[in-house]
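Got the viewer open? Keep the selection box handy and we'll hop from stop to stop.

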Amino acid sequence: MEMEGVTTKPLLHTTTFSRRTAANRLFAAIYACALFALLYRHAFTILHPASLSSFSISLSLLISDALLGFFWFASQTFRLRPVYRQVFPENLEKVVKEKDFPAIDIFICTADPYKEPPVKVVNTALSVMAYDYPAEKLSVYVSDDGGSALTLFAFMEAAKFGRHWLPFCRKKKMVERSPDAYFRSNHPRCSETDQIKMMYENMKVRVKNVVERGKVDDDYLTSEQERQAFNRWTDKFSRHDHPSVIQVLLEVSKDKDTTEQLMPNLIYVSRQKSRFSPHHFKAGALNVLLRISAVMTNAPIILTLDCDMYSNDPQTPRATLCYFSDPNIISELGYVQFPQRFYGINKDDIYGCEFKRIAQINPTGMDGLAGPTYVGTGCFFSRRVFFGGPSSFVTPEILELRPDHIVDKLIQVQSQSTLALAYHVADCEYEKNHSNWGSKLGFKYGSVVEDFYTGYRLQCEGWKSVFCHPDRPAFLGDIPITLNDVLNQTQRWFVGFLEVGFSKYSPITFGVWSLGPIMGLCYSYYAFWALWAIPITIYAFLPQLTLLNGVSIFPKAFDTWFFLYIFLFIGAYGHDCLDIMLAQGTIRRWWSDQRMWMIRGITCHLFGSIEFLSKRLGIAEPRFNVTSKVVDDEQGKRYDQGTFEFGVESPLFVSLVMVAIINLAAFLSGLIRVARDQNLVGRFFVQMFIAGFVVLNCLPIYEAMVWRTDKDELYPWSVVGWRGICLAVDLCWKKSGCLHSVPFLLHCANSIALCYFIVLCCQVATCPASLLWMLLQCSMVVTTSAIFAMKAASGQI
């Protein structure tokens with residue numbers, strides 16, 4: 001375009017700063033003053049204690065509120081400079097011709113065909129193979145870390161079906177290019193569509209039959225080449241000990257679809273594993289793909305995807321090139337991150353799986369600084385970022401692994417020399433001889449959340465990133481639909497975050513020095529996330545147990561300090577709700593999100609911290625549990641109805657049940673006290689409010705303990721505390737003959753302590769690493785019970 005003799009290039013992307021920045025900063029300044037005032041009050045009480053119990057309670061509240069203040073302060077860094085971006089892929093070909101588009105290598109990782117159904121992984125691969133992008137520039141690498149013949153068979157079937165699916169997508173100009181997503185949508189019906197759907201259903205049946213049998217029978221194989229591929233699975237082949245398997249299923253120079261158009265490369269990889277070599281979980285698998293792809297195709301751009309995160313927009317690579325084609329930012333641009341979005345979430349998102357804050361709101365804030373962190377999926381990398389900083393290139397050990405190495409197109413992917421080198425770099429002994437991998441080269445080792453750690457380390461090296469958040473989700477993923485799966489998944493994250501937080505690259509020290517204090521605090525917010533367990537646990541037990549004992553620990557209603565607590569509570573919750581609503585959330589989903597924040601605080605935050613500590617002490621071994629993507633029909637129905645799913649035995653539920661019981665007991669005890677003496681309303685108002693608020697959030701737990709009779713009620717060993725309290729109430733009523741008597745309250749408190757001890761013993765039997773958690777909670781119960789007994793003996797109650 002020319003104007004007054006000046007030539008301007010077509011616009012590829014724009015950046016707009018949030019209009020709420022000034023208001024956020026003003027509120028943050030006021031809220032910070034209120035926080036400091038609260039901490040001053042606690043410190044003053046500690047320095048001038050009325051008694052030992054007053055000192056202990058004030059110290060606990062100081063620790064709790066200091067941590068809450070730290071997390072609030074760290075969270076404000078996401079609100080300092082949020083930006084919103086827009087891309088214009090329609091202008092891309094005015095800047096870069098299609099024939100000059102960079103090639104893209106796509107990495108998809110899976111590990112267990114029974115937890116991650118191969119049909120779902122196949123749908124993810126087919127959706128990206130059908131990108132609106134030159135097929136000869138696409139290569140899809142599937143890493144099967146479980147070394148399963150079932151997964152290889154599924155992709156052999158996918159390669160055959162893809163010959164029909166890809167031209168069908170081009171002809172219909174479809175947006176949904178995952179077969180499963182397309183056929184469950186309101187798609188136009190015609191004979192061709194019905195024919196393709198029948199092919200897809202036949203493929204699904206064949207794959208599911210093989211998975212159910214647990215092996216690939218000879219009658220499912222159609223060629224000698226396929227039979228030879230499966231001959232590698234011998235009796236000595238196991239998921240933890242097996243040789244490398246690299247199978248080229250589609251090759252762009254040879255394979256064509258039904259319309260004689262080229263097809264992308266499709267390559268199955270299962271790296272070598274040995275019980276005597278470390279494998280570094282997903283980061284190790286990604287580094288093997290990084291080396292193998294360098295040998296075979298060496299595309300300058302890499303897309304990483306979770307196995308269940310299918311493409312929802314075929315224009316996504318073009319949107320990404322709007323950033324990688326900008327000469328003003330390309331020299332320091334390390335990666336373009338798309339938000340994690342999910343399908344199948346029920347109306348109220350009862351488990352808070354949308355993760356709107358960490359997947360959409362916080363990345364927008366980081367984007368105005370150095371850019372968002374890597375979240376493990378939906379991320380386009382420049383291959384160059386894995387070989388040192390923008391100004392400090394780290395040379396790999398062989399020429400073929402260099403990011404600027406040009407692969408000779410005349411050499412076929414399946415040539416003997418190419419495959420020999422690919423097997424060499426996939427060997428589990430390779431990294432032993434080349435120790436830079438995982439530290440200076442590739443994805444970083446040292447944490448089970450390799451995505452967070454890698455993104456953090458890349459930014460410390462000087463790379464920038466971009467958050468691309470289009471109106472239509474670029475990718476859609478699956479979610480866990482049971483509470484146990486949700487909690488176990490996040491527990492693994494919290495262990496990994498702590499591994500980063502307490503490493504030599506800790507964001508609070510190394511991060512602040514490398515990235516500056518603001519970005520350092522952004523990463524610290526995540527790295528120490530599991531420490532939410534401390535304030536949440538204290539507020540889940542201390543006010544309630546003191547309320548049971550008739551001890552007031554907060555200001556009276558309408559005192560000056562009382563209004564400070566009101567402001568801090570309403571300010572925090574109101575601001576959080578506003579953020580969710582402005583991000584197109586709903587009040588119901590916000591309520592579910594804050595409820596799950598409480599639930600995680602007393603379950604997976606705690607157990608994650610304990611697991612991390614156990615590893616550091618050498619008590620437990622590192623582990624990586626794959627989250628199940630298998631959906632049971634009955635579970636799916638209950639989830640859609642908004643019903644919590646508890647139908648497994650889990651130590652995570654023990655602390656959850658006890659919090660529900662103690663808060664209910666404390667709330668009812670408080671009601672009894674104020675019914676006897678209305679002058680006590682102001683004295684115990686804050687404690688009763690906290691207990692009542694927790695009770696309100698625990699309604700699904702009470703329902704599962706008492707009213708539900710289906711197979712997903714809470715298991716009896718978890719409900720022993722509830723049954724014990726009911727029995728104690730009945731016995732104490734008969735013994736004391738009066739609900740208001742001191743003996744009743746004393747027996748009730750002792751019954752809670754006894755039942756709590758029994759349930760925690762069950763927890764330790766199930767999970768020995770939870771011994772520290774048991775001792776902590778028992779000490780709290782015993783301490784408050786002792787205070788109550790002393791006050792009762794002295795006649796203060």
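Start with Asp194: at 31% relative accessibility it counts as partly exposed, because that class covers what lies between under 20% (buried) and over 50% (exposed). Keep in mind as you click that this is a predicted model. Now add Arg189, which forms a salt bridge with Asp194, the closest N and O atoms being 3.1 Å apart. Arg189 is exposed, with a relative accessible area of 61%.

Next, select Asp218 and Arg227. Their side chains meet in a salt bridge, 2.8 Å from N to O. Asp218 is partly exposed at a relative accessible area of 47%, and Arg227 is also partly exposed, at 25%.

For a buried pair, go to Asp145 and Lys273, both of them buried. They form a salt bridge too, with 3.6 Å between the closest N and O atoms. This pair links distant parts of the chain, 128 residues apart: Asp145 sits in the loop between β6 (138–144) and α5 (149–172), and Lys273 in the loop between β8 and α9 (281–296). If you'd like a group rather than a pair, pick Arg79, Arg357, Asp576 and Asp579, which are linked in a network of salt bridges. The whole protein has 35 salt bridges.

Time to zoom out. Color by secondary structure and you'll have 28 helices and 16 strands to look at. Of the 797 residues, 59% are buried. The protein exposes about 33,800 Å², and carbon and sulfur atoms supply 59% of that area. Among contacts with a separation of 6 or more, 81% are between residues 24 or more positions apart.

Back in close, select 245–250. This is strand β7, and six of its six residues are buried. Add 265–270, strand β8: the two strands run antiparallel and are joined by five bridges. Within the pairing, find Val248, which stands opposite Ile267 in β8.

Then try 316–324, helix α10. Nine of its nine residues are buried, so the helix is largely enclosed by the rest of the structure. Click through them and you'll pass charged and aromatic side chains alike, including Arg318, Tyr323 and Phe324.

Now for some backbone angles. Most residues other than glycine have a negative phi. Which way does Asp349 go, positive or negative? Its phi is positive, near 50°. Phe355 is another non-glycine with a positive phi, about 45°. Asp349 lies in the loop between β11 (333–337) and α11 (356–367), and Phe355 is found in the loop between β11 and α11 as well. Asp349 is buried, with a relative accessible area of 3%; Phe355 is buried at 12%.

Move on to Glu645, in the loop between α22 (633–640) and α23 (652–676). Buried or exposed? Glu645 counts as buried, at 2% relative accessibility. Show side chains here: that of Glu645 makes a polar contact with the side chain of Arg638, at 2.9 Å.

Last stop, the surface. Select Ile566, Phe569, Ile570, Val681, Phe685 and Phe689, and you have a nonpolar surface patch of about 480 Å². The elements giving two or more residues to the patch are α19 (560–582) and α24 (681–697). Finish on Phe569, which is in helix α19 and counts as partly exposed at 30% relative accessibility.

Notes:
Residues numbered from 1 in each chain as written. Predicted model: local features only at pLDDT ≥ 70, side-chain atom pairs only at ≥ 80, totals over all residues. Heavy atoms only, no water. Patch = residues over 30% accessible without salt bridge, like charges linked within 9 Å, V, L, I, M, F, W, Y side chains within 5 Å. Areas by Shrake-Rupley, 256 points an atom, 1.4 Å probe, with all protein chains shown as cover. Salt bridge = Lys/Arg side-chain N within 4 Å of Asp/Glu carboxyl O. Helix = DSSP H or I, 4+ residues; strand = E, 2+ residues; numbered from the N terminus. Buried < 20%, exposed > 50% of the residue type's maximum accessible area, 1.4 Å probe, protein only. Pairing = 2+ DSSP bridges. Polar contact = N/O pair within 3.5 Å; in protein donor to acceptor, adjacent residues only side chain to side chain. Contact = heavy atoms within 4.5 Å.
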